[in-house]
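Work through the exercises below with the sequence and the coordinates at hand. Each task is followed by a solution in steps.

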Amino acid sequence: MRSALICGLDVGSTRTRAVIGESTHEHRRPVLRIVGIGSTITEGVRKDVITDLDAATESIRGAVEEAETMAGARIDRVHVGIAGDHIGVEHSVGVAAVESPEVRPEAVRRVNKVACAVPLPHDREIIHAIPQQYRLDNQWGIHDPVGMNGTRLEAELCLVTASSAVVGNLARAVERAGYRVQDQVLEPVAAARAVLAEDEKELGVALLDMGGASTGVALYYEGRTIDLMVLPFGGSAITSDLIREFSVPFVQARRLKEEHGAAHPGAIDPCEQLRLRSQGGSRAELPRARIAVVIERRLRSMFREIAHRIGKSCDPGALGAGIVLTGGVAATPGISVLAGECLGAGARIGVPGDGFRGAADPLARAGFATVAGLALHGADRYRATGQGGTTRVSGVATRVGAWLREFF
Ligand SMILES: Nc1ncnc2c1ncn2[C@@H]1O[C@H](COP(=O)(O)OP(=O)(O)OP(=O)(O)O)[C@@H](O)[C@H]1O
Ligand SMILES: [Mg+2]
């Protein structure tokens, strides 16, 4: 039996993660059976951009090979995430005449192409052109105009652009690791694919993917993508605050945050003390609640900025389904209460869930949302186009990419 292996790869600022799934059906519904998961500490990446090609290549190789070993198969191509402050988002409108009385798929392709024809500097490229809505004659708000009658078709698209150099370096690192980039997906778009329900997108929702160096934001309303952003702050800023505040080394600060942190001191027993070793080597006691004070201060400032940016794109009343928090920072105890208070909407934590079968349990953590979404996105593309998977025949995956590894 032929099936395809789909690989999502997230080169995050702190961790590089790979997920291999087998695209298949269950009761006629498409599902992704997870067969391999790999994760390494990211090296050679700063603020989501590759700064050391060899080190980034090794991180990618480590994560994908770990997933391949678990899957017992090789893959040759990946669906990779992209983020960073080089990302630009703009809204664009295109117009086209409808030649036959009813709109054919070709007319939609043409109007999308017109909307994509924006002047771009030579060092930038479009990575997504997401249709927001269509207008047929005078009626806006159409999701899919194919088959409808009209004479003048307009498309409103959300265009995501990226630095060609950054995109090229990511592809280069993936190639040097022995794989090919099938496509790039903006990280919050991927995370949204993994953790949001369709009815949340309909009601209006803000997805916050809070990683190490950046926070991706994806806004949806009436099933449409309203806006996308990559904001230049994340959990690393909290670690830096703890280093400064308590004069502890990086590793200890990160551990304090991840193992003893909370988004609110009220959630912590005020008498609880932690033992610390300072940078000079001396030992000291630290009330655990003080860690939460530092974390809360930084999170509040991040949420203030996020609220400000969301407010520029949509009315707060448009977020009927509230806020969904994901990414590593979303594991901070009490963060959904704080986010809800700061952003004036209900908030929940989003972890990858539906649509997976197989060895998917380790994916059910907020830090895996992006890579899980990349694999789901890859599976969607494979089902729609027949491209983007590694063909697996009778349990053996073809090793098209393996020879490449020998040459780099
Ligand atoms: N249990 C936890 N409590 C609080 N913070 C945590 C916890 N686990 C991880 N984090 C923080 O989450 C951040 C990493 O999140 P994630 O793995 O989503 O980032 P990334 O994908 O590597 O980075 P980016 O998305 O910015 O490229 C780090 O700052 C890490 O310290
Ligand atoms: Mg991330």
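The exercises concern a predicted model and go from the whole chain to single residues.

**Exercise 1. Overall dimensions**

Determine what radius of gyration a compact globule of 408 residues would have, and compare the protein chain with that value.

Solution.
- Step 1. For 408 residues, the globule rule gives a radius of gyration near 22 Å.
- Step 2. The protein chain has 22 Å, so the chain agrees with the rule.
- Step 3. Along the principal axes, the C-alpha atoms fill a box of roughly 80 × 55 × 45 Å.
- Step 4. Of the 408 residues, 46% count as buried.
- Step 5. Among contacts with a separation of 6 or more, 70% join residues 24 or more positions apart.
- Step 6. The secondary structure of the protein chain consists of 11 helices and 21 strands.

**Exercise 2. Domains and one domain contact**

List the domains of the protein chain, then describe the side of domain 1 that touches domain 2.

Solution.
- Step 1. The assignment gives domain 1 as 2-84 + 165-195 + 353-407, domain 2 as 88-163 and domain 3 as 198-352.
- Step 2. The centres of domain 1 and domain 2, taken over C-alpha atoms, are separated by 29 Å.
- Step 3. Domain 1 puts 7 residues into the contact, and domain 2 puts in 7 residues.
- Step 4. On the side of domain 1, α3 (164-176) and β11 (180-186) supply at least two residues each.
- Step 5. The largest share of this side, 3 residues, is that of α3.
- Step 6. By class, this side of domain 1 has 6 nonpolar residues, 1 polar and no charged.

**Exercise 3. The largest nonpolar core**

Which residues of the largest nonpolar core touch the most other members, and which helix gives the most to this core?

Solution.
- Step 1. The core has 114 residues, and those touching the most other members are Cys7, Val19, Val64, Leu207, Val217, Ile323 and Ala375.
- Step 2. Helix α8 (residues 288-313) gives the most to this core, with 9 residues.
- Step 3. Take Val64 as an example: leaving out residues up to four places away in sequence, Val64 touches Cys7, Leu9, Ala18, Gly38, Val78, Ala177 and Tyr179.
- Step 4. For context, nonpolar side chains in soluble globular proteins tend to be buried together.

**Exercise 4. The shell around ligand 1**

Describe the residues around ligand 1 by distance, by class and by the elements and domains that supply them.

Solution.
- Step 1. There are 23 residues around ligand 1, and Gly12, Thr14, Gly211, Gly235 and Gly328 come nearest.
- Step 2. The shell divides into 4 nonpolar, 14 polar and 5 charged residues.
- Step 3. At least two residues of the shell come from each of α6 (235-246) and α7 (250-260).
- Step 4. The largest share, 3 residues, comes from α7.
- Step 5. Domain 1 and domain 3 each provide at least three residues of the shell.

**Exercise 5. Positive phi outside glycine**

Where do Lys47 and Glu222 lie, and is each buried, partly exposed or exposed?

Solution.
- Step 1. Lys47 is in the loop between β4 (45-46) and β5 (49-50), and its phi is near 50°, a positive value in a residue other than glycine.
- Step 2. Lys47 has 16 other C-beta atoms within 10 Å, so Lys47 is partly exposed.
- Step 3. Glu222 is in the loop between β13 (215-221) and β14 (224-231), and its phi is also near 50°.
- Step 4. Because 15 other C-beta atoms lie within 10 Å, Glu222 is partly exposed.

**Exercise 6. Two loop residues**

Decide for Gly178 and Thr51 whether each is buried or exposed, using as limits 20 or more other C-beta atoms within 10 Å for buried and 12 or fewer for exposed.

Solution.
- Step 1. Gly178 is in the loop between α3 and β11.
- Step 2. Gly178 has 23 C-beta neighbours inside 10 Å and therefore counts as buried.
- Step 3. Gly178 and Ile75 are 103 residues apart in sequence, and their C-alpha atoms are 9.5 Å apart in space.
- Step 4. Thr51 is in the loop between β5 and α1 (53-71).
- Step 5. Thr51 has 12 C-beta neighbours inside 10 Å and therefore counts as exposed.
- Step 6. Not counting residues up to four places away in sequence, Thr51 touches Gly44, Val45 and Arg46.
- Step 7. Thr51 and Leu338 are 287 residues apart in sequence and 34 Å apart in space, C-alpha to C-alpha.

Methods. Residues numbered from 1 in each chain as written. Chains lettered and ligands numbered in written order. Helix = DSSP H or I, 4+ residues; strand = E, 2+ residues; numbered from the N terminus. Rg over C-alpha atoms; globule rule 2.2 N^0.38 Å. Contact = placed C-beta atoms within 7 Å. Domains from an automatic or database assignment. Nonpolar A, V, L, I, M, F, W, Y, C, P; charged D, E, K, R; others polar. Core = buried A, V, L, I, M, F, W, Y, C linked by C-beta atoms within 7 Å. Near = placed C-beta within 6 Å.
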